[in-house]
Amino acid sequence: MKFKQARVIMILKPGKQPTEFTSYRPISLLPIISKILEKLLLHRLLSNPHSQDWIPSHQFGFRKAHSTIQQCHHLTTIINKTLEDHQYCSAVFLDVSQAFDKVWHQGLLLKIQQTPPSNYFNILQSYLQSHQLVVTYNNNTSQPVHMLSVVPQGSVLGPFLYTLYMADIPQSPNTILSTFADDTAILSNHSNPITASANLQTNLQSIEKWTRKWKIKINEEKSKHVTFSLRRGNCPQLIFNQVSIPQADAVKYMGLHLDRRLTWNCHISTLRKHLDLRTKELYCIIGKHSPLSLNKKLLIYRAILKPAWTYGIELWGCASPSNIAKIQRYQSKI
């Protein structure tokens, strides 16, 4: 049983009230020997010649040679094609609430039974059953609690099992589905904004039934609906679980801010503010009065500041000269 017991450490979020439960970030620590066994099992599963068929092509998360930038590149390519054709792209970005914590074990076992070879079912069933957690805070430890609907946080097998659980999400020939772990984006292109949203709404209705069947919770208030187009007006409102999905002119996705005309103005402006705040925090060690040598200051810049503004430059590097100048001025100042 010790192999299946997770020790959860509660860490207070910065600036939050210590008396509120939601103010803490739970960090799950699993036994080392358990992780070794999981890694061996995962290696066996992925060495199966049919393992690539278990993960759908729209899933970019937890796969070799797939990254967040490639996922964003896939989406921006579709959006750019829409802008070039002077069409409307109705896009919804769904927020899956507590994705890994709400995986229904019975449903997952049913999907495992239908996907990998049958000789792996018993060991995966044993892996999911009888998992426990204990919570540690201020040297106090709670009694063990059984976990009935969760993929163990920090586990080696967890991402693979979550991918299997979400693999059969409904798709439509009139929409484009793209996922990275639990980040789900669905796009619909058409010259008529009403038709674009109607096609997307049809797909959302099938996803709505699917989420109820497999006990998956979508946070409608945190989801976003964006109309990408060079033309005026927005696509009609989308409904999910009888709740209107909020419309926005830009959305933050995979660390990048995508605005409706894909000018990257929102992303670069937000990035510049973030860099100014981070530079202010580091000024005491990289400023002109710091006793550090120039080489050490450059090392701090390259390790902390430069990665922040170079992330996604393959995509937003094509922005207008006035937007690029905002980053160039920052770099010159540093």
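**Cavities, pocket and surface patch**

The residues lining the largest cavity divide into 7 nonpolar, 2 polar and 3 charged. In this predicted model, that cavity encloses about 60 Å³ of space, and its lining is made by Val96, Ser97, Gln98, Ala99, Lys102, Val103, Tyr162, Tyr165, Met166, Lys215, Ile216 and Lys217. The count of cavities of 30 Å³ or more comes to 3.

The second largest cavity has a volume of about 40 Å³ and is lined by Leu94, Val96, Met166, Ile169, Thr184, Ile207, Trp210, Thr211, Ile216 and Ile218. By class, this lining comprises 8 nonpolar and 2 polar residues, with no charged residues, and its largest share, 3 residues, is supplied by helix 7 (residues 193–213).

The largest pocket, with a volume of about 840 Å³, is lined by 28 residues, among which Val8, Pro26, Gln98, Asp101 and Gln153 lie nearest its centre. Its lining divides into 16 nonpolar, 9 polar and 3 charged residues. At least two lining residues each are supplied by strand 1, strand 2 (24–29), strand 4 (132–137), strand 6 (145–146) and helix 6 (158–166), with strand 2 giving the most, 4 residues.

On the surface, Phe3, Ile32, Ile33, Ile36, Leu37 and Leu40 make a nonpolar patch of about 590 Å². Phe3 is placed in the segment before strand 1 (5–12), and its relative accessible area of 45% makes Phe3 partly exposed.

Conventions: Residues are numbered from 1 along each chain as its sequence is written. This is a predicted model: local features need pLDDT of at least 70, side-chain atom pairs count only at pLDDT 80 or more; totals for chains, interfaces and linings use all residues. Side-chain values use heavy atoms; hydrogens and water are left out. Patches are made of residues with over 30% relative accessible area and no salt bridge: like charges are joined within 9 Å, nonpolar side chains (Val, Leu, Ile, Met, Phe, Trp, Tyr) within 5 Å. Accessible areas come from the Shrake-Rupley method with a 1.4 Å probe; for residues, only the protein chains shown count as cover. A salt bridge is a side-chain nitrogen of Lys or Arg within 4 Å of a carboxyl oxygen of Asp or Glu. Buried means under 20% relative accessible area, exposed over 50%, partly exposed in between (1.4 Å probe, protein chains only). On a 1 Å grid over the protein atoms alone, a cavity is a set of points where a 1.4 Å probe fits but cannot get out, and a pocket is an open set with protein on both sides within 12 Å along at least five of seven lines; lining residues have an atom within 4 Å of a point. Grid points are joined across faces, edges and corners, and a volume is the space filled by probe spheres set on the points. Ala, Val, Leu, Ile, Met, Phe, Trp, Tyr, Cys and Pro count as nonpolar, Asp, Glu, Lys and Arg as charged, and the others, Gly among them, as polar.
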